[in-house]
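Hi,

Here is the structure I said I would pass on. Have a look at it first, and my notes follow underneath.

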Amino acid sequence: MALSIQSLLILFTTLLLKETLVVAETCSNCFTDSRAAYYPNSDEQGTDVGACGFGSFGATINGGDVSAVSDLYRNGVGCGACYEVRCTNSNYCSDKGVTVVITDQGSSHDTDFILSQRAFGRMAQTKDAAASLLALGVVDIEYRRVSCSYPNKNITIKIDENSNYPHYFAFVLWYQQGDKDITAVQLCETQNFVCKLLDRSHGAVWTTNSPPSGPLSIRMLLSGEDGDESWIIPVNNIPENWKGGETYDTGVQINV
């Protein structure tokens, strides 16, 4: 029996909705068009005074394939995120592009990315092509968020050098895998597990003017673009006599 016009319309609408949902799901991996420049006065690697607060670690992480961003900085939430960036000039650019870690904030000539010189050149097909890209200074690109990967590395707490035991406690987190953001951090007493929510002072730096006493642990809230959230609790504690400038292995990593 032939379908009625109303039935055909319902069928068409259902198929269109399914197609729209499939596109929406796959577009989490879609590339976004933009432009990129590079640090003109730096060495091959990034800067050790980046807005994320990573210090010299921010210049050398990921082999120096790092970047400053403008809107993607997101008041520091974007620090440590990884992006696949590839230029679009077929004469010079490879299809593979480069994966960079966000360690700084900045923009230039309507760009979303200011790459390290090393990362900028790695978008090219050859060394000669890399020289041509660097000569251009600013290029059209496309980018997408990807998972960070640090094999054989756990999330590490780096105590800020300006921390003053036991009055002021500040730290950043190194080697966060995956594609989720750390949107909140709690500092907890290990004996009674009383926790306090920390402030994001700038970039990826978490602080408190009144840290709890005794050995400490942290809790990290991971938030995804899909709205999924989960708390991660490290295996290892921060010792009672913590010191500015020290690093402490949390004993955990995010599965990706």
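How many bridges join strand β3 (residues 82–87) to β6, and in which sense do the two run? There are six, and the strands run antiparallel. Bear in mind that this is a predicted model.

I'd start with β6, since several of my notes come back to this strand. β6 covers residues 139–146 and is mostly covered, with six of its eight residues buried. Besides β3, strand β1 (residues 32–38) also pairs with β6, again in the antiparallel sense, over five bridges. If you want single residues to click on, S34 has I141 as its bridge partner in β6, while Y83 stands opposite R145 in β6.

Y83 and I141 turn up again in the interior. The largest nonpolar core has 42 residues, and those touching the most other members are Y83, V85, F113, M123 and I141. Another core lies apart from that one; it has 19 residues, including L198, W206, M220 and W242.

Back to Y83 for a moment: leaving out residues up to four places away in sequence, its contacts include L72, V98, V100, I102 and F113, along with Y143, R144, R145 and V146.

And now for something on the outside. E225 sits in the loop between β13 (216–223) and β14 (229–232). Is E225 buried or exposed? E225 is exposed, because its relative accessible area is 66% and the cut-off for exposed is over 50%. In sequence E225 is 46 residues from D179, yet their C-alpha atoms are 8.8 Å apart in space.

Cheers

Key:
Residues are numbered from 1 along each chain as its sequence is written. This is a predicted model: local features need pLDDT of at least 70, side-chain atom pairs count only at pLDDT 80 or more; totals for chains, interfaces and linings use all residues. Side-chain values use heavy atoms; hydrogens and water are left out. Helices (H or I, at least four residues) and strands (E, at least two) are DSSP runs, numbered from the N terminus. Buried means under 20% relative accessible area, exposed over 50%, partly exposed in between (1.4 Å probe, protein chains only). A nonpolar core is a set of buried Ala, Val, Leu, Ile, Met, Phe, Trp, Tyr and Cys residues joined through side-chain atoms within 4.5 Å. Contact means heavy atoms within 4.5 Å. Two strands pair if DSSP finds at least two bridges between them.
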